[in-house]
Amino acid sequence: MIEVQNLDVRLPGFALENISLCVPQGAFGALIGPTGSGKSILLEALAGLQPVKRGQIFNHRGEITRLPPERRGFGLVYQDAALFPHLNVRENLLFARRYTDLAKAEVVREMNELSERLGITHLLQRDVRTLSGGETQRVALVRALLVRPSVLLLDEPLSALDPVFREEIQYLLQRLHQEMGLTMLMVTHNFEEVVMLAEQVAVIHQGRFLQKGAVQEVFTTPRSPFVARFVGMKNLLAATPTQDGVLVAGHVVRTIGPGRETNNQVLGIRPEDVLLAPPHPGAPSSNAYPGSISAVTYHGVHCAVRVECALGEVTAHLSPREYRELGCSPGDAVTVILPAEKLCSIPA
Ligand SMILES: Nc1ncnc2c1ncn2[C@@H]1O[C@H](COP(=O)(O)OP(=O)(O)OP(=O)(O)O)[C@@H](O)[C@H]1O
């Protein structure tokens, strides 16, 4: 496990302030935030590579705030893997031995076992400069695992990979997490990765946590428009509270749940929760609005369908099959349905 209490890190021109988080033993936490928000600095502070001004860091044994990096029991994997170019794969891996008290024979045994498990045995004698992106990240993972870390800190380990390698390493991380019960904390820009891999997520901006919690909770009930946009809640409509829900562009939208107390609100709904139906000639159902399709873009697994309706512009993500079955094209009339249970009122 890893626990952080009220951590401050001060650098010339940048500060991390009042960071608290807990990734329980065997859990997978994710750290997301815009570029320059302090994600890497935080991982480096946890790993002992940045001085801490205030606050405490704990692993499963106790406080480690002032311990040197090699005594924290954390493995760190960087985006670019940071392998030594003048050493081959085997030499890069054995370099990890520097940080353990194990005998060399034991390190070699573990190296062989992990290499087998992560599928790099055939690469051990290779010059690291000849490895593909996916192979490089596998080697970096074996190197980090060789120190028998209690926590693996991953700094955007997938961002430099093309989609094929990305999927391969995502799968590998998932397996490592599940089969070895490893505690992980991963920095990423990609919220789909968060949904796939993590249970807990924290959103950081300008060195501070804006929100943290279970992935589903943060993604469906963001507490600010900034977090909402950052986690892919594309539909954010200015709203004011009324008796039965909220008023958006003069129309009552029925909502369920908390968040009606502030006057200045944003009504949010994730694009995958918006429903589209053929134009409805009869009595409209609840939260259904006539509109017309303004644009459709294809993103492989889903189509983003933009609709102009009485509430403003709303984006729906449909599977290509759902879009085909809708039988509509740009310019066609369509009904937008916003299920009340999927709507989220966010203080503006
Ligand atoms: N050694 C340093 N001294 C002073 N400032 C630094 C140092 N390292 C990083 N910074 C600054 O701290 C801020 C946070 O950097 P950090 O690398 O943690 O961002 P990040 O959230 O990981 O960004 P990205 O997503 O682009 O990798 C940036 O403004 C960066 O320029």
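Two residues are taken to be in contact if their C-beta atoms, placed from the backbone, lie within 7 Å. By that criterion, residues 24 or more positions apart account for 67% of the contacts in the chain with a separation of 6 or more. The structure discussed here is a predicted model, and a good place to begin is its overall layout. The chain contains nine helices and 20 strands, and its C-alpha trace spans about 80 × 45 × 35 Å along the principal axes. Of its 348 residues, 38% count as buried. The domain assignment divides the chain into domain 1 (2–220) and domain 2 (233–347), and the C-alpha centres of domain 1 and domain 2 lie 38 Å apart.

We can turn next to the interior. In soluble globular proteins, nonpolar side chains tend to be buried together. Here, the largest nonpolar core has 94 residues, and those with the most contacts inside it are Leu31, Leu46, Val139, Leu153, Met186, Val201 and Val203. Helix α4 (residues 133–145) supplies the largest share of this core, namely six residues. Both domains take part, since the core draws at least three residues from each of domain 1 (2–220) and domain 2 (233–347). Val201 offers a closer look at the packing: leaving aside residues up to four places away in sequence, Val201 touches Ala30, Ile32, Val194, Lys212, Val215 and Val218.

The ligand comes next. Around the ligand are Leu11, Pro12, Gly13, Phe14, Gly33, Thr35, Gly36, Ser37, Gly38, Lys39, Ser40 and Ile41. This shell divides into four nonpolar, seven polar and one charged residue. With three residues, helix α1 (residues 39–47) gives the most to the shell. Within α1, the buried residues are Lys39, Ile41, Leu42, Leu43, Ala45 and Leu46; Lys39 and Ile41 also appear in the list of residues around the ligand, while Leu46 is among those with the most contacts inside the largest nonpolar core. Just after α1, Gly48 takes a positive phi of about 90°.

Another member of the ligand shell, Gly38, deserves a paragraph of its own. Gly38 lies in the loop between β3 (28–32) and α1. A residue counts as buried if 20 or more other C-beta atoms lie within 10 Å of its own; Gly38 has 24 such neighbours and is therefore buried. Not counting residues up to four places away in sequence, Gly38 touches Phe14, Leu16, Ile204 and Gly207. Of these partners, Phe14 also belongs to the residues around the ligand. For Leu16, the separation from Gly38 is 22 residues in sequence and 6.7 Å in space, C-alpha to C-alpha.

Several strands in domain 1 can be described together. An open sheet is formed by four strands in the order β2-β1-β4-β5, with antiparallel pairing. The edges are held by β2 (14–23) and β5 (62–63), each with a single partner strand, so one side of each is left without a neighbour in the sheet. Strand β1 (residues 2–11) runs antiparallel to β2, and seven bridges join the two. In this pairing, Arg10 stands opposite Ala15 in β2.

Domain 2 also provides some well-defined strand pairings. Strand β14 (residues 265–269) has five of its five residues buried, so it is largely enclosed by the rest of the structure. In a regular strand the side chains alternate between the two faces of the sheet. In β14, Gln265, Leu267 and Ile269 point one way and Val266 and Gly268 the other way, and all are buried. β14 pairs in the antiparallel sense with strand β11 (residues 235–241) over five bridges, with Leu236 standing opposite Gly268. β14 also pairs in the antiparallel sense with strand β20 (residues 344–347), over four bridges; here Val266 has Ile346 as its bridge partner.

A hairpin rounds off the picture. Strand β12 (residues 245–248) and strand β13 (residues 251–254) pair in the antiparallel sense over four bridges, and Gly245 finds its bridge partner in Arg254 of β13. Two residues lie between β12 and β13 in this hairpin, and in the turn Ala249 has a positive phi of about 50°.

Terms used:
Residues numbered from 1 in each chain as written. Predicted model: local features only at pLDDT ≥ 70, side-chain atom pairs only at ≥ 80, totals over all residues. Near = placed C-beta within 6 Å. Nonpolar A, V, L, I, M, F, W, Y, C, P; charged D, E, K, R; others polar. Core = buried A, V, L, I, M, F, W, Y, C linked by C-beta atoms within 7 Å. Buried ≥ 20, exposed ≤ 12 C-beta atoms within 10 Å, placed from the backbone. Domains from an automatic or database assignment. Pairing = 2+ DSSP bridges.
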